[in-house]
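Here is a short report on one protein chain. Please keep the sequence and the 3D view open while reading.

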Amino acid sequence: MKHFLRMLFQVCLYFYCKFLWRCLKFVMRKLTGRCELQRICYNTKPGASRTMKIETSLRDSKSKLLQTSVSVHPDAIEKTIEDIMELKKINPDINPQLGISLQACLLQIVGYRNLIADVEKLRREPYDSDNPQHEEMLLKLWKFLKPNTPLESRISKQWCEIGFQGDDPKTDFRGMGLLGLYNLQYFAERDAVAAQQVLSDSLHPKCSKFSKAEWEKKRMDKAIGYSFAIVGINITDLAYNLLVSGALKTHFYNIAPEAPTLSHFQQTFCYLMHEFHKFWIEEDPMDIMEFNRVREKFRKRIIRQLQNPDMALCPHFAASEGLINM
């Protein structure tokens, strides 16, 4: 009974707040002569702050047109904005900037949803050793990470040198499908120097770029390495969950002037790999069994950063040079 009363109170509070909010919106429109979308676009700077407010306003609207506008096809965005302007009785000649601002926001909102679909498609596609394209990507990964060391055979213990668990990497891709391979190859190809350095450090953590004084200060004399490829697949899982949960909206809405793409996601993976590597060394775990603890601590740190509406995960290496901070 107590649980039922608590639920009833929460439901009543929800509808009361919703009613109160609608009344407030009505009053604000009468006082300012502007609808909520206008107030957001004119009073909020471009980027995540504006786009996330526009997204919430459209999604929570009682109008079916506004509710469905966040999931239209990209080609229909221009027509959708015209319909919104007509519904809100806004003259585009008097308010030309509003249409431009709404279009930028909708491109980001719709693009984010489409990016989730693209990433999910790759995640669901299993690695197929009979597929020449899959095999070519895997062999390229070796070539980019170990350019001076020929792979003796497709099935080989050499794969362990770049952090796979056995002599055939295909079994390690089961959790993230082709997405894990796509990300690893992107990192190894677009940021070859950085990827090879991270691989080397993961095998020989004491030989990383930290100075001797820093090692002694951080007590890293017994530093533990990790399996590069396996951690890459694990960080792919982290990036995927940040994307699906919506946590990466802050980052993408701040760095992508229009629709975020798969390249933006892969650049974010590169950043997370680079940052996790530094974080792992700084944490100085006693053994590899502490991986889950370190990963969870790292995940919480990234989420805290992304809760800042002005946050963009700072690009600082080659794969991210195309990012634009709005």
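## Helices and their numbering

Helices here are DSSP runs of H or I with at least four residues, numbered from the N terminus. That numbering gives α11 its name, and α11 is followed by G246. The phi of G246 is positive, near 95°. The model is predicted.

The secondary structure of the protein comes to 14 helices and zero strands. From the N terminus on, the elements therefore read α-α-α-α-α-α-α-α-α-α-α-α-α-α under the DSSP assignment. Of the 326 residues in the protein, 45% are buried. Contacts often span long stretches of chain: among those between residues at least 6 apart in sequence, 66% join residues at least 24 apart.

## Helix α11

How many residues does helix α11 have? Helix α11 covers residues 228-245 and has 18 residues. From its first C-alpha to its last, α11 reaches 26 Å. That is close to the 26 Å expected at 1.5 Å a residue.

The buried residues of α11 start with F228, A229, V231, G232, I233 and I235. They go on with T236, L238, A239, Y240, L242 and L243.

## Where α2 meets α6

Helix α2 spans residues 36-43, and helix α6 spans residues 96-124. The two pack at an angle of about 85°, with their axes 10 Å apart. Angles of 65 to 115 degrees count as roughly perpendicular, so α2 and α6 are roughly perpendicular to each other.

Which residues make the contact? From α2 come L37, Q38, C41 and Y42. From α6 come L98, S101 and L102. The residues of this contact divide into five nonpolar, two polar and no charged.

## Two positive phi values outside glycine

K89 sits in the loop between α5 (77-87) and α6. The phi of K89 is near 55°, a positive value in a residue other than glycine. Is K89 buried or exposed? K89 has a relative accessible area of 74%, so K89 is exposed.

D284 also has a positive phi, about 50°, although it is not a glycine. D284 lies in the loop between α13 (262-283) and α14 (291-306). D284 counts as buried, because its relative accessibility is 18% and the cut-off for buried is under 20%.

## Salt bridges

How many salt bridges does the structure hold? The structure holds 17 salt bridges. One of them joins R59 and D60, with the closest N and O atoms 3.9 Å apart. R59 counts as partly exposed at 45% relative accessibility. D60 is partly exposed as well, with a relative accessible area of 43%.

E136 and K140 also meet through their side chains in a salt bridge, at 3.6 Å from N to O. Both belong to helix α7 (residues 132-145). They are four residues apart, so about one helical turn separates them. E136 is partly exposed, with a relative accessible area of 44%. K140 is partly exposed too, with 34%.

## A bridge between α13 and α14

K297 forms a salt bridge with E283, and the closest N and O atoms are 3.1 Å apart. K297 lies in helix α14 and E283 in helix α13, so the pair ties together parts that are 14 residues apart in sequence. K297 has a relative accessible area of 41% and is partly exposed. E283 counts as partly exposed at 21% relative accessibility.

The pair belongs to a wider set. E283, E290, R293 and K297 are linked in a network of salt bridges.

## L313 after the last helix

Where is L313? L313 lies in the segment after α14. L313 is buried, with a relative accessible area of 2%.

Leaving out residues up to four places away in sequence, L313 touches L248, H251, T268, Y271, Q305 and L306. The C-alpha atoms of L313 and I255 are separated by 8.8 Å. Along the chain, these two residues are 58 residues apart.

Key:
Residues numbered from 1 in each chain as written. Predicted model: local features only at pLDDT ≥ 70, side-chain atom pairs only at ≥ 80, totals over all residues. Heavy atoms only, no water. Axes fitted to C-alpha atoms, helices over the stretch in contact; angles between N-to-C directions. Parallel < 35°, antiparallel > 145°, perpendicular 65-115°, else oblique. Contact = heavy atoms within 4.5 Å. Nonpolar A, V, L, I, M, F, W, Y, C, P; charged D, E, K, R; others polar. Expected span 1.5 Å × (residues − 1). Buried < 20%, exposed > 50% of the residue type's maximum accessible area, 1.4 Å probe, protein only. Salt bridge = Lys/Arg side-chain N within 4 Å of Asp/Glu carboxyl O.
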